[in-house]
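Walk me through this structure, please. I would like to know how its parts are arranged and which side chains meet.

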Amino acid sequence: VRPKSEEDNKYALRFANKSKFFVLTAGSGNKGRGSTTQFRHESERAFFKKPKEVNAGVGQSTADLPGTEIFRESTANGYNHFQKEYTNARARLGKYRAVFIPWYWQSEYYTTPTLPFACTDEEERLVAIYGLSDGQLQWRRDKIKDDLDDDVKEFKKEYPMNDVEAFQMTGDSHFDTEEVMSCRKSKIIGKGVPILSCDPAGAGDRTIIALRYG
């Protein structure tokens, strides 16, 4: 059943049955023109310097047909083209769908906790919001201390807890993302006079209308 390999190098893997895997760099948007693909994986899309050229080149190689798939995967890189693409996908505008995978879903991000283990105030908040275990908190502590020079913001950038934090930690943020997430998870019954609020859209975001009480 296994097809014979006719080409095998760091750029391509081609088989006798005409199927082929190939690798391109995103530095030049003209690469991949004229090719036909059924599956396309654009890795670290947020760091593409010429995303429009890539879209016009290899981006046109995958037909919108059953059995085809396109993945745009990346670490966040501020409020750039990828953030806009993700926001549109999350709002289900277009054919893409947003998927965020936080670090604490990964089973390998765990270290046997050093006993006795006591949570800091910040860690207790993370446990309340995300349900982290002591082993996950220990891994987080070690990563921040040993690899990131005690820079918590750098950890949030590379290992965000949620998609809002992912983009805010790589850009400029006015609000603390953990406070925002805590508020989103809280359940408060409003009392008082109803107030209709509106946050008009700016550059690339959405208009939000909300009803609150008191």
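Gln136 is buried in this predicted model. Its relative accessible area is 12%, and the cut-off for buried is under 20%, so Gln136 qualifies. Gln136 sits in helix H4, which covers residues 134-147.

What does Gln136 touch? Leaving aside residues up to four places away in sequence, the contacts are Trp103, Tyr104, Tyr109, Tyr110 and Gly131. Tyr104 also offers a polar partner: its backbone oxygen lies 2.9 Å from a polar atom of the Gln136 side chain.

Follow Tyr104 next, into the aromatic residues. A search of the whole structure finds 12 aromatic pairs. One of them joins Tyr104 and Tyr130. The ring centres are 5.6 Å apart, the planes stand at 50 degrees, and the pair is tilted. This pair links distant parts of the chain. Tyr104 belongs to the loop between helix H2 (81-90) and helix H3 (121-130), while Tyr130 lies in helix H3. The two residues are 26 apart in sequence. Are they buried or exposed? Both Tyr104 and Tyr130 are buried.

Now turn to Tyr109 and Trp139. Their ring centres lie 4.5 Å apart, with the planes at 25 degrees. Planes under 30 degrees apart count as stacked, so this pair is stacked. Here too the pair links distant parts of the chain. Tyr109 is in the loop between H2 and H3, Trp139 is in helix H4, and 30 residues separate them.

How accessible is Tyr109? Its relative accessibility is 22%, so Tyr109 counts as partly exposed. Trp139 has 10% relative accessibility and therefore counts as buried.

These aromatic residues belong together. Tyr104, Tyr130, Tyr109 and Trp139 are among the members of one aromatic cluster. That cluster also includes Trp103, Phe155 and Tyr159. Gln136 touches three of its members: Trp103, Tyr104 and Tyr109.

The sheet is the last stop. Which strands form it, and in what order? Three strands make an open sheet, ordered E1-E2-E3, with antiparallel pairing. Strand E1 (5-8) and strand E3 (20-22) are the edges, and each pairs on one side only. From one strand to the next, the twist averages 5 degrees. Strand E2, residues 12-15, pairs with E3 in the antiparallel sense over three bridges. To find the register, look at Ala12: it stands opposite Phe22 in E3.

Terms used
Residues are numbered from 1 along each chain as its sequence is written. This is a predicted model: local features need pLDDT of at least 70, side-chain atom pairs count only at pLDDT 80 or more; totals for chains, interfaces and linings use all residues. Side-chain values use heavy atoms; hydrogens and water are left out. Helices (H or I, at least four residues) and strands (E, at least two) are DSSP runs, numbered from the N terminus. Buried means under 20% relative accessible area, exposed over 50%, partly exposed in between (1.4 Å probe, protein chains only). A polar contact is a pair of N or O atoms within 3.5 Å; within protein, one must be able to donate a hydrogen and the other to accept it, and residues adjacent in sequence count only if both atoms are side-chain atoms. Contact means heavy atoms within 4.5 Å. Two strands pair if DSSP finds at least two bridges between them. Axes are lines fitted to C-alpha atoms, for helices over the stretch in contact, and angles run from 0 to 180 degrees between N-to-C directions. Rings of Phe, Tyr and Trp (its six-membered ring) pair if their centres lie within 6.5 Å; planes under 30 degrees apart count as stacked, over 60 as edge-to-face and the rest as tilted.
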